[in-house]
Number of protein chains: 2
Amino acid sequence: MAATMQDVADLAQVSLSTVSYALSGKRPVGAETRVRIESAMAELGFRRHAAARALASRRTHVLAVAYPVYGVALGATLNEIVAGAAAAARAAEYELVLWPVSSVEPEMLHELAGQRTADGVVLMEVALDDPRIAVVETAGLACALIGRTEDPGDHVWVDIDFEDALEQSVAHLVELGHRDIAFINRSQASLDAGYGPVVRAQRGYERAMAARGLRPLAVPCDVTPPAGRRAVQRLLADVPDITGVIVMNELALFGVAGALREAGRSVPRDVSVIAVAVAHEISEMYERPLTYLAPPGPEQGARAIRGLLEVLDGHPAPAGANLPCVLHVRETTGPAPRH
Amino acid sequence: MAATMQDVADLAQVSLSTVSYALSGKRPVGAETRVRIESAMAELGFRRHAAARALASRRTHVLAVAYPVYGVALGATLNEIVAGAAAAARAAEYELVLWPVSSVEPEMLHELAGQRTADGVVLMEVALDDPRIAVVETAGLACALIGRTEDPGDHVWVDIDFEDALEQSVAHLVELGHRDIAFINRSQASLDAGYGPVVRAQRGYERAMAARGLRPLAVPCDVTPPAGRRAVQRLLADVPDITGVIVMNELALFGVAGALREAGRSVPRDVSVIAVAVAHEISEMYERPLTYLAPPGPEQGARAIRGLLEVLDGHPAPAGANLPCVLHVRETTGPAPRH
DNA sequence: GCGCTTCGTCGAAGCGCTTCGATGGATCCG
DNA sequence: CGGATCCATCGAAGCGCTTCGACGAAGCGC
């Protein structure tokens with residue numbers, strides 16, 4: 001079977017503990033000895049047995065991401081975060097695993113966390129009052145939030161600055177001369193529930209418009225292409241002179257294009273479209289190069305992991321981070337049409 | 001800190017090993033003793049320490065799914081498989097974790113598998129000649145494939161019967177009177193690479209058409225909405241009397257709708273559209289109730305896990321399974337128009 | 001050149017669990 | 001009613017690693 005540390009020690013003619021120190025660097029090891037150990041490890045194809053290490057060191061060297069697998073249509077945005085987290089974990093010599101959990105029922109999390117198979121957990125899509133946090137902390141694991149609760153306290157959290165994102169969107173369109181700018185947000189239900197991103201985006205939009213003396217026109221919209229299509233149809237019926245549309249709704253986006261085309265509005269000649277918090281990969285699915293605000297996906301993941309590591313090292317949790325989206329101007333926004 | 005088995009034993013006034021047997025059921029335990037142990041566990045909130053258990057039993061009781069997080073736009077189809085796998089694992093008292101890996105570079109897998117943090121691995125989106133299999137098996141882990149290699153040998157594999165799916169699609173349209181039926185497949189590149197699903201679907205389509213004396217018209221198409229749009233435009237330009245379109249391309253699907261509408265073809269009055277191997281959740285994003293062949297997602301995941309468990313229990317690997325898609329007739333297919 | 005620290009190494013004690021062999025009492029059968 | 005059998009339980013030996021204390025050999029200052 002697989003080689004153990006004792007096998008390596010025997011082959012290198014040193015004691016077991018010396019091999020351990022060579023690996024961890026917690027005590028100095030002679031240069032020549034180190035070489036012998038390293039070649040012995042290479043020869044035997046040695047890899048530390050994770051369970052044994054975890055048991056002895058009281059550290060699993062594993063971080064988990066609670067990954068919502070139920071009811072997620074688009075994976076790209078989530079996956080950017082995971083990719084960033086995986087890279088950060090690897091850099092710190094931790095493994096990253098994903099725990100497939102339902103975001104609503106925390107039992108599975110309890111199961112996984114209780115067994116202490118990870119040192120810390122990153123919670124994605126955190127709700128205002130998220131029961132998962134208590135589950136993770138009761139199990140004695142560190143916890144980091146992507147998004148944040150009503151009062152994140154001294155938890156590690158990383159969020160997107162949605163207010164700023166809407167400010168950027170409105171500013172971009174206003175610079176181009178637009179004044180009748182609508183905002184297609186996510187669903188009314190999430191707005192009613194007070195879900196952070198949706199509420200803060202709404203507020204950001206309203207402030208940005210008010211600051212410029214413009215009339216806000218926000219419409220909620222379910223997260224599906226047909227809903228996006230209907231939202232635009234309604235919008236054009238109510239306020240025909242709309243020239244700018246801001247969409248923060250990945251799936252509705254795909255309905256928006258069709259509805260505008262059908263209505264005979266050319267993009268960006270008649271109407272400019274800008275997408276908010278849409279992953280680059282999703283933006284590429286649009287029918288033409290889309291002007292969009294890219295979320296800081298990988299950075300979110302990386303920060304969450306680094307925060308977790310800080311806490312695990314006994315340092316105080318770093319302050320929560322509200323990261324900005326980055327505007328990419330492509331071809332769906334242009335000068336406002338003249339009347 | 002967290003309670004250990006010794007704490008439970010002390011509280012229940014039995015020996016440590018008796019607690020272990022009560023938990024595992026590997027030896028009988030007196031009814032009364034069992035009650036004492038169980039209430040002690042409840043009182044202390046005891047949960048087995050996974051690492052200790054893994055070390056002692058040489059079994060981690062964890063199964064992993066190699067989860068492609070890079071370059072996946074739509075998560076729903078993958079997630080159905082994961083959800084099925086998670087349920088099957090839980091039923092067998094195994095935990096399921098996802099290993100976020102790139103499907104092209106197997107180094108991460110090597111890292112994860114080498115540490116023996118799982119007993120078996122499910123590989124998703126298996127290529128014809130997949131280097132990951134060797135990585136997993138060299139590490140001494142069991143391995144199950146979703147999809148299959150050129151010659152799956154006696155590996156555990158679970159695949160979708162794409163030939164049957166195309167036969168079903170053609171049959172459905174022909175029953176409705178269609179004769180000019182096009183097939184929008186996935187990319188030319190994957191066809192050239194001989195990627196199983198794409199090749200078998202192509203073959204299935206050609207056979208189904210040939211068997212009915214119909215002229216096949218298959219077009220490759222990149223996996224993006226705009227590509228789907230262009231594919232339909234080209235199709236209509238080349239063969240204007242097309243009345244049926246079969247699409248096995250989740251993202252292109254969204255371009256298809258727009259292109260047909262633009263071309264003034266009404267669905268299903270002028271053209272019927274049927275989607276192949278599209279998850280229910282994705283089908284719901286279509287602008288109207290879509291006729292589609294649902295892939296056996298959860299069943300695939302569950303079979304892969306059960307196969308893995310068989311192998312781990314020392315049984316021979318069950319025969320590979322080629323699972324059928326299930327036709328759901330909704331509103332995008334209808335009788336062929338009369339000339 | 002004497003005590004000091006520092007370096008490089010070793011041995012041994014666990015980490016929390018599973019599992020094997022042993023033990024002692026109850027049950028069974030001829 | 002004595003030996004065989006079964007049931008319920010215990011103690012102890014690890015699983016493969018980390019880490020602590022110990023120890024000889026250098027290297028240091030004065």
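**Group meeting: two protein chains and two DNA strands**

Let's start at the DNA: by class, the surface near DNA strand C is made of 12 nonpolar, 10 polar and 7 charged residues. Here Ala, Val, Leu, Ile, Met, Phe, Trp, Tyr, Cys and Pro count as nonpolar, Asp, Glu, Lys and Arg as charged, and the others, Gly among them, as polar. A residue is near a strand if one of its heavy atoms lies within 4 Å of it.

A word on the model before we go on. This is a predicted model, where local features need pLDDT of at least 70 and side-chain atom pairs count only at pLDDT 80 or more, while totals for chains, interfaces and linings use all residues. Residues are numbered from 1 along each chain as its sequence is written, chains are lettered from A and ligands numbered from 1 in the order in which they are written, and side-chain values use heavy atoms, with hydrogens and water left out.

Back to strand C, then. Which residues come nearest to it? Of the 29 residues around DNA strand C, they are Gly30(A), Thr33(A), Met5(B), Tyr21(B) and Arg27(B). Sugar or phosphate holds 54% of the strand C atoms within 4 Å of the protein, and bases hold the rest. For polar contacts, I mean pairs of N or O atoms within 3.5 Å; within protein, one must be able to donate a hydrogen and the other to accept it, and residues adjacent in sequence count only if both atoms are side-chain atoms. A polar backbone atom of Gly30(A) is 2.6 Å from a phosphate oxygen of strand C, and a polar backbone atom of Met5(B) is 2.4 Å from a phosphate oxygen of that strand. With Lys26(B) we turn to a side chain: one of its polar atoms lies 3.0 Å from a phosphate oxygen of strand C.

Now please look at DNA strand D. Of the 29 residues around strand D, Met5(A), Tyr21(A), Arg27(A), Thr18(B) and Thr33(B) come nearest. Sugar and phosphate make up 54% of the strand D atoms that come within 4 Å of the protein. Two side chains have a polar atom by a phosphate oxygen of strand D: Arg48(A) at 2.9 Å and Thr18(B) at 2.5 Å. Arg27(B) brings in a base, with a side-chain N or O atom 2.8 Å from a base oxygen of strand D.

Which helices supply at least two residues each to the surface near strand D? They are H2 (16-24) and H4 (50-57) of chain A, together with H2 (16-24) and H4 (50-57) of chain B. H2 and H4 of both chains A and B also each supply at least two residues of the surface near strand C. Helices (H or I, at least four residues) and strands (E, at least two) are DSSP runs, numbered from the N terminus.

On to the protein–protein side. The contact (heavy atoms within 4.5 Å) takes 53 residues from chain A and 53 residues from chain B. About 4,400 Å² is buried between the two chains, with carbon and sulfur atoms giving 61% of that area. Buried area is the accessible area (1.4 Å probe) that two parts lose on being put together, summed over both. Arg47(A), Gln115(A) and Met285(A) supply 14% of the area that chain A buries against chain B, more than any other three residues.

What about the interior? The largest nonpolar core has 114 residues, and Ile184(A), Ile246(A), Val273(A), Ile184(B) and Ile246(B) have the most contacts inside it. Such a core is a set of buried Ala, Val, Leu, Ile, Met, Phe, Trp, Tyr and Cys residues joined through side-chain atoms within 4.5 Å. Buried means under 20% relative accessible area, exposed over 50%, and partly exposed in between (1.4 Å probe, protein chains only). A second, separate core of 60 residues includes Leu96(B), Val122(B), Ala142(B) and Ile305(B).

Finally, some backbone details. The peptide bond from Val267(A) to Pro268(A) is cis, with omega near 0°, and Pro268(A) sits in the loop between helix H12 (252-262) and strand S9 (272-276) of chain A. Chain B has a cis peptide bond joining Val267(B) and Pro268(B), with omega about 0°. Glu93(A) is not a glycine, yet its phi is positive, about 60°. This residue lies in the loop between helix H5 (76-91) and strand S2 (95-101) of chain A, and Glu93(A) is exposed, with a relative accessible area of 65%. His61(B), also not a glycine, has a positive phi of about 60°. Thanks, everyone!
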